[in-house]
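Hi everyone, thanks for making time. I'd like to walk you through a structure that's probably new to most of you, so grab a coffee and take a look.

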Amino acid sequence: MAAVASVSFASIAQSAHRKFSLPPSHGCLVSNFTALKLRSPRGSCNFRSRSVRTAVAVNCASAAADPPTVAETKLNFLKAYKRPIPSIYNTVLQELIVQQHLTRYKKSYQYDPVFALGFVTVYDQLMEGYPSDEDREAIFKAYVEALNEDPVQYRADAQKVEEWARSQSATTLVDFASREGEVENVLKDISERAGSKGNFSYSRFFAVGLFRLLELSNATEPTILDKLCAALNIDKKSVDRDLDVYRNLLSKLVQAKELLREYVDREKKKIEERAATQKANEAVKKLVGGVPI
């Protein structure tokens, strides 16, 4: 299985300071990303799971309360982070938050650390190369809190699952049901909920989380994903489809990022050349006593 490249998401080519256009062949990036959107929700409420096994935050739907609209979630994000975001990042961020809003408020949605790992993976790849590390984390915080979830929990759970996966082999990764441990119990809980067909909401972020588990445990055999999906009661065809979309998107975004880099380099060179010419002219004028030449 090919590893996911470490890249930055990019869709519309506009730098933080100047606008420019990418070739028409790259206009499909946003439309490809919107293909990842999920079904709309019906309602929501929040409660904390009392299960000793998982001890994670749980979110479910309820007819007793109406969920916020997509517009309200996006507005919450904009209120929490008021600084301008370069559109090369912001365009895809807006697509992501719409997609995740629809997942978040589905009736069957329940937060889990594998989902968190998938989202953190996507976000970090999107924001790689962002001018400020501090702003990158501030945007992450505003984004997750706009969805009425905990950004600290997302980061902590993703890190915990990553560390666990690095200590696993392909065999132990798939054989989680026969062992005890914090992450093993999380995976058991996912398997039980997915098997019941009533309290599990599969998403593309979850698929990316699974793929990340395979990467970190160096489980390169294609059959390992089959076995892991079977152990978790997850539809392998859905995972394959979503990972193909994910890989194709990353490939196109690598190309767009390269075009942006080339553009920025050209503009920087032009600025340096103009500055050098101006400096040379000023030096000449000074030598001839200010007489124009």
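Let's start with a little check: how far apart should the ends of helix H5, residues 133-146, be at 1.5 Å a residue, and what do its end C-alpha atoms give? H5 has 14 residues, so the expected span is 20 Å, and the end C-alpha atoms are 20 Å apart, which agrees. Before I go on, please keep in mind that this is a predicted model.

Okay, let me zoom out for a moment. The protein chain has 11 helices and 2 strands. If you read the elements from the N terminus, you get α-β-β-α-α-α-α-α-α-α-α-α-α. There are 293 residues in the protein chain, and 47% of them count as buried. The chain exposes about 15,200 Å², with carbon and sulfur atoms supplying 53% of that. And if you take the contacts with a separation of 6 or more, 76% of them come from residues 24 or more positions apart.

Back to H5, then. Which of its residues are buried? They are Asp135, Arg136, Ile139, Phe140, Ala142, Tyr143, Val144 and Ala146. As for what covers them, the list includes helix H2 (70-80), helix H3 (87-104), H4 and helix H6 (151-166).

H5 also carries a salt bridge of its own. Lys141 pairs with Glu145, and their closest N and O atoms are 3.1 Å apart. Both lie in helix H5, 4 residues apart, which is about one turn of the helix. Buried or exposed, you may ask, for Lys141? Somewhere in between: Lys141 has a relative accessible area of 43%, so it counts as partly exposed. Glu145, at 36%, is partly exposed too.

Now for H3, one of the helices covering H5. H3 has 18 residues and reaches 25 Å from its first C-alpha to its last, close to the 26 Å expected at 1.5 Å a residue. How many of its residues are buried? It's 17 of the 18, so H3 is largely enclosed by the rest of the structure.

H3 brings me to another salt bridge, between Glu149 and Arg104, with the closest N and O atoms 3.6 Å apart. This pair links distant parts of the chain: Arg104 is in helix H3, Glu149 is in the loop between H5 and H6, and they're 45 residues apart. Glu149 and Arg104 are both buried.

While we're in that area, look at Pro67, in the loop between strand E2 (57-60) and H2. Pro67 and Tyr105 are 38 residues apart along the chain, yet their C-alpha atoms are separated by 6.6 Å. Why does Pro67 count as buried? Its relative accessibility is 18%, and the cut-off for buried is under 20%.

Next, the inside. In soluble globular proteins, nonpolar side chains tend to be buried together. Here the largest nonpolar core has 66 residues, and Ile139, Tyr143, Tyr154 and Leu210 touch the most other members. Ile139 and Tyr143 are already on our list of buried residues in H5. Leu210, leaving aside its neighbours within four places in sequence, is in contact with Val114, Leu228, Cys229, Leu232 and Val239.

H4 deserves a quick stop as well. Thr121 lies in that helix, which covers residues 113-126. Thr121 has 10% relative accessibility, so it counts as buried. What does Thr121 contact beyond its neighbours within four places in sequence? The partners are Val208, Arg212 and Tyr246.

A few more words on charges. A search of the whole structure finds 19 salt bridges. One I'd point at joins the side chains of Arg179 and Glu184, at 2.8 Å from N to O. Arg179 is partly exposed at 22% relative accessible area, while Glu184 counts as buried at 5%. Elsewhere, salt bridges that share partners join Asp112, Asp189 and Arg193 into one network.

Last stop, the surface. Val284, Leu287 and Val288 form a nonpolar patch there, with about 270 Å² of accessible area together. Val284 sits in helix H11, residues 236-287, and is partly exposed with a relative accessible area of 32%.

That's my tour, so let's open it up for discussion.

Definitions and conventions: Residues are numbered from 1 along each chain as its sequence is written. This is a predicted model: local features need pLDDT of at least 70, side-chain atom pairs count only at pLDDT 80 or more; totals for chains, interfaces and linings use all residues. Side-chain values use heavy atoms; hydrogens and water are left out. Buried means under 20% relative accessible area, exposed over 50%, partly exposed in between (1.4 Å probe, protein chains only). Contact means heavy atoms within 4.5 Å. Patches are made of residues with over 30% relative accessible area and no salt bridge: like charges are joined within 9 Å, nonpolar side chains (Val, Leu, Ile, Met, Phe, Trp, Tyr) within 5 Å. Accessible areas come from the Shrake-Rupley method with a 1.4 Å probe; for residues, only the protein chains shown count as cover. A salt bridge is a side-chain nitrogen of Lys or Arg within 4 Å of a carboxyl oxygen of Asp or Glu. A nonpolar core is a set of buried Ala, Val, Leu, Ile, Met, Phe, Trp, Tyr and Cys residues joined through side-chain atoms within 4.5 Å. The expected span of a helix is 1.5 Å times one less than its number of residues.
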